[in-house]
Amino acid sequence: MGENKTDMRFMTRDAIKYLAIVAMTLDHVAYIFLEPQSLLYRLFLCIGTFTGPVMIYFLIEGYFYTHDVRGYAKRLLLFALLSQLPFSLAIGGFFGNMLFTLLICLGVLYVHDHVTDGGLRKLLYVLLFFASLFTDWNFLSVPLVLFLRPAFHPATSRFYVDPAEQRRGMLKCVAYFLLVSCLTKGMFEGLTEALGMVLGFVCIAYFYNGQQAATHRKFHKYFFYIYYPVHLLVLWALHAM
C-alpha cells in the first residue's frame, strides 16, 4: 500500500469487510421493510453503496493473493447458487445476486491477464458486461473492475498497490457511478447514494493497512459467504410474519 507517515492505517481487510456487511444489511432492510419516501430509506441506501465497491476492490486483491483462481471461482459459484433463492425471496425480481456479480468480476480479471488478443479481450469484456446486466450492481461492476485494476502490480518483487493509480481508479469509479445513477435515478438520488461509495474508498485509501485479521482467518474468510444467504432468509422470514 505504500509508505505511510501518519500511522492512520489501523483497519484490516476483515474490519472493512464487516463494515461492508453492516452497510449491505441496512441496504436490504431498506428495500424489504421501508417506504421509499422515508428519510431512513434514503439514508440506508446511501450507506448501502459502501458495500459493492469495497467487495469488488477486495475481490481484485484476493485474485492476486490466491494460489487457486479456479477454486476461488468455484467457491463464488457455489455460494451464489445457494444464495439465489434467499435473494429472490427477500429482494424479488429475476436477477442474480451479488455473488454472481463478483464471479463475473473475477472473470474480467482473468480475461485481462490471460487473453492476449486485444480484439478478443474487448469482446469478452462486452459479453461479461452484458451478463452483469442480469445481476446485482449490473451497470457498475465490470467498469469498476477495469478502473481499479491498473493500481495493482503483482509482477514486481512483491505485491504492490500504487497509491496514485488507486486514487485515480477510485475517482473514475465515483464519476461513473454518479453518471449512471444520475441518469437512471435522478440528480439527488445519484449524489446522495455516491456518499457510501466515497466512504468505502476513503476507508481503503487512507485507513486500510493491507493486512488480514491476525486470528481466526478461516472464520473471517467464510463468514460473508454464509452470512449473505442467511441474513436474506432471516429478513424475508421477518417480513413474511
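Let's start with valine 234, which you'll find in helix α10. Please keep in mind as we go that this is a predicted model. Is that valine buried, exposed or something in between? Its relative accessibility is 44%, so valine 234 counts as partly exposed. Valine 234 also has company: together with Phe33, Ile226, Val230, Leu238 and Met241, Val234 makes a nonpolar surface patch of about 600 Å². And which element gives the largest share of that patch? That would be helix α10, residues 217-240, which contributes four residues.

Now, on to the aromatic rings. A quick reminder for anyone who hasn't looked at these lately: a pair of aromatic rings is described by the distance of the centres and the angle of the planes. How many aromatic pairs do we have here? The count comes to 18. Take phenylalanine 87 and phenylalanine 95: the ring centres are 5.3 Å apart and the planes sit at 90°, so we call this pair edge-to-face. The two partners have their own surroundings. Phenylalanine 87 is buried, because its relative accessible area is 1%. Phenylalanine 95, at 28% relative accessibility, counts as partly exposed.

Another pair to click on is phenylalanine 129 with phenylalanine 139. Here the centres are 6.2 Å apart and the planes are at 65°, so this pair is edge-to-face too. Where do these two rings sit? Phenylalanine 129 belongs to helix α6, residues 118-132, while phenylalanine 139 is in the loop between α6 and α7 (141-148), so the pair ties together parts that are ten residues apart in sequence. Phenylalanine 129 has a relative accessible area of 25%, which means partly exposed. Phenylalanine 139 is at 40%, and so counts as partly exposed as well.

One more stop for the aromatics, and it's a nice one to colour on screen: Tyr57, Phe58, Tyr63, Phe64, Phe152 and Tyr208 are linked into a cluster by ring pairs.

Let's move to the charges. Searching the whole structure turns up five salt bridges. One of them joins glutamate 193 and arginine 42, with the closest N and O atoms 2.7 Å apart. Glutamate 193 is in helix α9 (residues 187-207) and arginine 42 in helix α2 (residues 39-48), so this bridge ties together parts that are 151 residues apart in sequence. Are these charged partners buried or exposed? Both glutamate 193 and arginine 42 are buried. They also belong to a network of salt bridges that links Arg42, Lys185 and Glu193.

Next, have a look at aspartate 113 and arginine 149, whose side chains meet in a salt bridge at 3.1 Å, N to O. This pair also links distant parts of the chain: aspartate 113 is in helix α5 (residues 98-114), and arginine 149, 36 residues apart, is in the loop between α7 and β1 (152-153). Aspartate 113 counts as partly exposed because its relative accessibility is 32%. Arginine 149 has a relative accessible area of 11%, so it is buried.

And the last bridge for today is glutamate 165 with arginine 168, where the closest N and O atoms are 3.2 Å apart. Both residues lie in helix α8 (residues 163-185), three residues apart, or about one turn of the helix. Glutamate 165 is partly exposed, with a relative accessible area of 29%, and arginine 168 is partly exposed at 41%.

Notes
Residues numbered from 1 in each chain as written. Predicted model: local features only at pLDDT ≥ 70, side-chain atom pairs only at ≥ 80, totals over all residues. Heavy atoms only, no water. Patch = residues over 30% accessible without salt bridge, like charges linked within 9 Å, V, L, I, M, F, W, Y side chains within 5 Å. Areas by Shrake-Rupley, 256 points an atom, 1.4 Å probe, with all protein chains shown as cover. Salt bridge = Lys/Arg side-chain N within 4 Å of Asp/Glu carboxyl O. Buried < 20%, exposed > 50% of the residue type's maximum accessible area, 1.4 Å probe, protein only. Phe/Tyr/Trp six-rings, centres within 6.5 Å; stacked < 30°, edge-to-face > 60°.
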